[in-house]
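Here are a few exercises to try with the model open beside you. Work through each task before reading its solution.

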Amino acid sequence: MVSSAKTFYEDKALIFQGFQESLEKAGENNKLYKFLAWVLSWIFSTDHKRVGILYLITMAAFFAIGVSLGLLIRFELFLPGEQFISARVYNSVFTMHGVIMIFLVVIPGIPATFGNFCLPLQLGAPDVSFPKLNLSTWWLFMIGAGLAVLSLFVGTNANGELMMVAPDGGWTFYVPYSLESSANISLALSGAFILGFSSMFTGMNFITTIHRMRAKGMGFFQMPLFCWSLYASSWIQVLATPVVSITLLLVIIERFMGIGIFDPSKGGDPVLYQHMFWIYSHPAVYLMVIPAMGVVSDVIAVFSRRTIFGYKAIAISSMAIAFVGYFVWAHHMFTSGMTETAQIVFSFLTFFVAIPTAIKTFNWIATLYKGSIHLSVPMVWALTFVFLFSIGGLTGLLNGAINADIHVHDTYYVVGHFHYTMFGGGMVGLFCACHYWFPKVTGKIYNESVGYLAWAFFFVGFNTLYGSMLVMGLLGMPRRYHDYLPQFTIWHQLSTIGAVIMVTGLIIMFINLLKGWINGPKANENHWDGRSLEWTHSASPPILLNFDKDPEVQGGPYDYDGEWK
Amino acid sequence: MDVKAIGVSLFQGVTDVGNSVDFTFLFIFIVCVFFLIANTAVMVYFCWKFHHKKNPVGTNIEGNTTIEVIWTVIPTILVMMMFYYGLAFNQMADLPKDALTIKVKAYKWAWAFEYPNKKKLEKEAVGSKEWKIRMPVLKIPVGRAIEFEMESSDVVHSLYIPAFRVKRDVLPLIKTALWFKANKIGRYDLFCTEYCGDAHSRMYTQVEVVSQEEFEKWYNTKDEGQELTGDALVKKGSEVASTCMACHSTDGSRKVGPSFKGLFGRTSELASGSSHKVDEAYVRKSILEPNSDVVKGYPPIMTKVPLDKQELDALIAYLKTL
Ligand code: HEC
Ligand code: HEM
Ligand SMILES: [Cu+2]
């Protein structure tokens, strides 16, 4: 970047500085004013690193709520019959669990947090292309999330009195149920609508940044694979999100005005809704895992201290997944009553997504070959991703085969499958990123032994929790059930026990990271001996505009040829 | 043949299509387990073999086109096989000519079945120890193709019989269909698998597969509408009322809904602010349109229990005795 461009970014980054300074001056002896100025310096900062951290903190909070709701589901299901929440409350609980986890945690996920933090650093840029737009995405996110959470508390009962009516119907909000339900669905949908804009803006910003702001000497094929994965997922955000926005808007309009697009009693088609919903939501599941694949590609190469095996295969397969992912949505609808020809076509296309995913897995494993492997905490999480996501992907094959999917559709098998992909994939990728870039973000390091301990709890608990779901689904246990027949009891109990073990792991991990951030020992500048620009050319934590002088790139992002050290 | 994979019994042969589904499952399962174990084993082996203590300097291998091609082609072949096996499902075009067509109606939260000759099904108490619900248990003959012509009267439901490996969404105002042939006499669970509201998990009944002779005999006897009176009617009413006991008590204690004790003759305060003396008309209305008059202090969640005329009369006779 030439220096005039640098000033340009300085201007943006300090947009509220004047205001802040006057606040600080006004309250030289006033703690409250100082605190206010400090808060402002975060929530109005256009610095991509601050925006990333803001996202990280807010998402951690939502994740904690989502996990609590998940635990509540599991406790209720420990025994058949009603334990301590009624069917109605249960239905709202799993709906809010799903909505929070999907729209407030995994969809913003890695791009909003570590994408924001690391993309400019990895590209050698002072910030993203549109810093103000970037800040606005966080605000949109907060507004959308606020509406969604608000919908939990306000609604009217049958007699028009204000009371707590949380939305139900599941995160998919299928019509006509979502058109009739007395719960406060419009508010939740408006929230999701606004969240969509946040997602689209982030995607546009990243695409432009990747095209326009790579360091001198860095071609597309010299970018770290994390950047490639963000590139692929950004295209999904930009191209698929508008479809769901339109769909949500139509449902809201239909609820208020009854125009009859989806409502069969007015000549509408409920299956049309399902198509429109999945045209977005299927690509969205790739949006959740592709960035995680990027993180894992980086981590496996760095901790094997060798170059990645099949760089181009991994980069291009990300794009292939993003592309093919558009044409498979109706595999969520094999039982919906669409024509048999359509079922066959969509099943065929679905299997093509499996291939690039398999290729990636093989390339990661091949990268271990003849490496010099350091099994540090981030590496353990990366390998866990490979294992859990393999289960997620492999269990998905059964859903792709029409006759088998007819059996397992809408059972706990599917619940198990998507937790393996989104949680075992997307979220574990995020945990991996937290441990990997921790020294970069904070300049400190967490306690590694505790890190292993947390992982062990998580790993055992996770597989007990979701493994038993796979089994009971195959046995015929439908999902979204407040109650069940006695033959499923044992599996539900195993599952609940797994949940308790896993959440113990999550709590240990969270405390460990928090303690490391507050008073961990100082980390080395290039703590993991990485080779991409964020490790080699910027301080830990990085300075305001990232680099003292504009970096220039000679080799690739995983250049372990020895002379670097 | 009885094959078990992770606790799931396969090839029970309950339906023909069930065996094809189980074959697809077994094939995919074996491929998956193989790849999972192989990948994980190689991963663990490499981590041990090339640990930095043993191998302090890594070797940079950028890739290998031959290997990339091999591990692209092999998965492609395998997934195409999976796709092919997956095609063995019951297409509507293959519906046998002699199929028995049963109309299925789904509504919140029950199933109703209608035979071509309008033969009536007995309601039976099905469910678990914790809850019982009275539902018509579907009776079908073994070895004959059965077609379901399905429609919902409210939201989307989905009919699922795990043992038969069949499932199909039931849509409002749009007919959907499925068919199967059951080969084994027995009783099987029938669930709703598309979320449909509060009692979604209780939208449950069973399917009874009986021998052809037994079915014909039952199917061709006329429903005799024997009149019940007096104690017999009350007794029947107490059976019917078992469905209500999830939410109501007979001893005056408050459950989800108000107790039945002393129901007739008392005055109910309604949430709308008015109050209503409990007489027969009011009780009938409460049962047939549960959320029209909501009792103050209770949530509007009473289910619409499907009852025929005799059952309703019996129920009222029984409630009067409390
Ligand atoms: C899912 C729970 C549930 C089931 C099952 C249920 N009810 Fe109710 N019922 C309620 C609730 C809650 C109320 C109070 C709110 C209302 O009036 O809708 C109620 C109210 C009533 C009332 C009005 C009582 C009054 O004091 O005015 C009658 C009568 C009644 N139910 C009869 C029945 C009968 C008969 C059955 C079985 C066929 C039944 N209910 C099954 C929950 C249930
Ligand atoms: C403590 C951790 C978690 C537990 C115990 C848990 C448990 C569960 C259970 C039991 C269900 C099934 C509810 C039902 O069908 O009745 C469920 C649904 C769901 N979970 Fe989780 N989960 C956890 C974490 C997550 C995470 C991290 C995500 C996202 C990545 C997630 C996303 C979902 C979604 C989308 C649903 C579907 C909700 C619906 O049916 O509408 N969960 N969860
Ligand atoms: Cu239903």
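**Exercise 1: an unusual backbone angle**

A:R480 sits in the loop between α18 (448-474) and α19 of chain A, where helices (H or I, at least four residues) and strands (E, at least two) are DSSP runs numbered from the N terminus. This is a predicted model, in which local features need pLDDT of at least 70, side-chain atom pairs count only at pLDDT 80 or more, and totals for chains, interfaces and linings use all residues. Residues are numbered from 1 along each chain as its sequence is written, while chains are lettered from A and ligands numbered from 1 in the order in which they are written.

Task: find the phi of A:R480 and decide whether A:R480 is buried or exposed.

Solution. Start with the angle: phi of A:R480 is near 60 degrees, a positive value in a residue other than glycine. Most residues other than glycine have a negative phi. Next, count neighbours: A:R480 is buried because 23 other C-beta atoms lie within 10 Å (buried means 20 or more, exposed 12 or fewer, partly exposed in between, with C-beta atoms placed from the backbone).

**Exercise 2: a second case**

Task: do the same for B:K118, in the loop between β4 and β5 (123-127) of chain B.

Solution. Phi of B:K118 is near 65 degrees, again positive in a residue other than glycine. B:K118 is exposed, as 7 other C-beta atoms lie within 10 Å.

**Exercise 3: a cis bond**

Task: which kind of peptide bond joins B:K108 and B:W109?

Solution. Locate B:W109 in the loop between β3 (100-107) and β4 (110-114) of chain B. Then read omega, about -5 degrees: the bond is cis.
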